[in-house]
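The following tutorial concerns the reading of sheets, burial and charges. Please keep the model in view throughout.

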Amino acid sequence: MHGLIGPHLSFFDYGCGLGEDVQLLRAAGMEAEGWDPHYRPDVARHSADCVNLGYVLNVIEETQERERTLLAAFDLARRVLIVSVRVDQSLNSGTELSDGLVTNSGSFQKIYTQAEFREYLQAILGRKPFMASLGIAYVFKDEAVEATHLAQLSIATPKRERADLFSQFAGDPDGQELAEITRDLGRPPLLSEFDRYPALLMRFGSRSRIDRLVLGLLNPQTLSEARAAKRNDILTYLAMLKLRGVRPPRIRLLPAETQADIKLLWRSYKNAMDEAEQFLFQLGKPELVRQACLFAAVGKQLPSDYYLHRSAEESLPALLRVLLFAARQIVGEVDYNIIKVAMDGRKISFMKYKDFDEEAHPELLHSVRVHLPSTSYAIRDYSSSENPPILHRKETFVDPLYPGYNAFSELTQQEESLGLLSRPEIGFRREWQALLAEHQLQIVGQTICKT
């Protein structure tokens with residue numbers, strides 16, 4: 001739950017039913033309790049760090065009682081209230097009653113839209129909710145807790161597997177020699193200038209991957225890249241605070257590492273906050289969004305859209321990261337592995353492809369497209385489609401250090417050499433399979449071969 005509950009925090013489930021979740025949390029060592037008007041009416045309602053109001057508002061018929069319940073649950077929360085409701089789901093049958101339906105079983109159900117849910121919480125509680133997912137929202141009581149939550153979303157920590165890979169390369173004699181030559185030349189050497197490339201390719205993969213590892217060993221460049229990445233993170237964090245209307249915490253309340261970064265990168269904390277405010281104005285400028293897409297270090301650029309795998313989001317320019325944050329404020333966290341950003345910055349799509357790593361050409365299962373100017377969204381489900389869209393050139397979506405990058409790239413080279421990627425209709429499963437059959441080809445794993 002995004003670190004909002006844990007062993008050091010108390011939890012109260014307001015409307016807990018039989019209390020199964022409470023029992024599970026207690027078994028995990030948490031301080032947890034729950035109250036329910038039908039099943040646990042004798043339990044005292046008391047304040048807690050985190051209060052959960054899960055799928056309760058849907059079943060309250062009387063609107064004033066619904067409002068009182070929401071306010072009572074929020075009043076008990078010291079740090080955050082988690083609210084969940086049913087959204088965008090139609091009932092097969094029922095009789096209209098008040099602002100909902102009475103189902104065949106005799107129970108009342110109020111079905112919200114995501115926008116209605118967000119606006120209702122803000123109107124009743126007077127706080128801007130953080131939309132964690134479809135039908136799930138966090139309403140923070142403590143601004144410092146919200147600021148910490150946003151920091152966790154925006155300020156990256158080094159990935160362990162990458163650190164291990166750099167460590168392995170740094171200890172390799174050929175890797176050290178290549179780094180020294182690159183430093184002397186001011187650029188990666190040509191094949192004629194370094195005869196150990198084949199050995200390194202066997203151990204570390206593609207040329208582009210090796211070049212990135214070498215850059216990681218060059219201290220001046222490493223420092224420059226690290227500072228740029230940290231500046232990106234902090235600008236994103238401060239812009240998120242501005243976008244949410246949350247007052248930035250005093251600098252002394254930030255982690256010591258972040259304080260040091262701010263002092264290194266800006267003349268003052270105020271300068272950093274001013275830059276973040278100016279930075280937010282760029283969201284409404286299509287030419288700046290397009291420029292950010294075109295200059296992104298990783299991803300696939302098309303005339304109208306930019307695509308990226310979820311694993312590489314931390315490499316995005318700050319402007320694009322804030323755009324994604326704005327989109328998540330509308331739909332929350334959804335299941336996806338590819339993002340699509342319209343070059344004008346007006347639309348963000350969260351796309352889920354089936355078995356991205358394992359399938360050579362994964363099929364699109366569903367997409368959630370967010371229209372930022374209208375704060376609306378649309379869901380498209382391809383899971384039962386007879387001819388879903390599929391992906392090609394998977395390596396273009398990921399960082400060269402991504403596991404499987406080499407295999408993705410080699411398959412693309414095979415398909416290009418066979419002339420398979422020049423037809424526009426291959427973006428769909430049926431047409432792609434017909435083309436393979438026409439050439440008497442099949443794909444096994446990440447390799448193409450004759451049938």
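The dialogue below takes up strands, burial, salt bridges and surface charge in turn.

Q: What should be known about the model and its numbering beforehand?

A: The model is predicted: local features need pLDDT of at least 70, side-chain atom pairs count only at pLDDT 80 or more, and totals for chains, interfaces and linings use all residues. Residues are numbered from 1 along each chain as its sequence is written, and side-chain values use heavy atoms, with hydrogens and water left out.

Q: How is a sheet read, and in what order do the six strands of the open sheet lie?

A: Strands of a sheet pair through backbone hydrogen bonds, in either a parallel or an antiparallel manner. Strands (E, at least two residues) and helices (H or I, at least four) are DSSP runs numbered from the N terminus, and two strands pair if DSSP finds at least two bridges between them. Here the order is β10-β11-β12-β13-β14-β15, with antiparallel pairing. At the edges stand β10 (300-301) and β15, each of which pairs on one side only.

Q: How many bridges join β13 to β14, and which residue is the partner of Val-370 in β15?

A: Strand β13 (residues 347-353) is joined to the antiparallel β14 by seven bridges, and Phe-350 has Val-368 of β14 as its bridge partner. Between β14 (residues 364-371) and β15 (residues 376-381) there are six bridges, again antiparallel; Val-370 is partnered by Tyr-377. Four residues lie between the strands of this hairpin, where Thr-375 adopts a positive phi near 50°.

Q: In which sense do β3 and β4 pair, and how many residues of β4 are buried?

A: A residue is buried under 20% relative accessible area, exposed over 50%, and partly exposed in between (1.4 Å probe, protein chains only). Strand β3 (residues 48-54) pairs with β4 in the parallel sense over six bridges, and Val-51 is placed opposite Leu-81 of β4. Six of the eight residues of β4 (residues 77-84) are buried, so this strand is largely enclosed by the rest of the structure.

Q: How is a salt bridge recognised, and how many does the structure hold?

A: The criterion is a side-chain nitrogen of Lys or Arg within 4 Å of a carboxyl oxygen of Asp or Glu. The structure holds 21 salt bridges. One of them links Lys-110 with Glu-116, with 2.6 Å between the closest N and O atoms; Lys-110 is buried at 5% relative accessible area, whereas Glu-116 is partly exposed at 30%.

Q: Which parts does the pair of Glu-333 and Arg-310 tie together?

A: The closest N and O atoms of Glu-333 and Arg-310 are 2.7 Å apart. Glu-333 lies in the loop between α13 (318-331) and β12 (338-342) and Arg-310 in the loop between β11 (305-309) and α13, so the salt bridge ties together parts 23 residues apart in sequence. A network of salt bridges also links Asp-172, Asp-174, Arg-196 and Arg-203.

Q: Which residues form the negative surface patch?

A: Patches are made of residues with over 30% relative accessible area and no salt bridge, like charges being joined within 9 Å and nonpolar side chains (Val, Leu, Ile, Met, Phe, Trp, Tyr) within 5 Å. Asp and Glu count as negative. The patch consists of Glu-177, Glu-180, Asp-184 and Asp-195. Asp-184 belongs to helix α6 (residues 173-185) and is exposed, at 68% relative accessibility.

Conventions
Areas by Shrake-Rupley, 256 points an atom, 1.4 Å probe, with all protein chains shown as cover. Charge placed at Lys NZ, Arg CZ, Asp CG, Glu CD.
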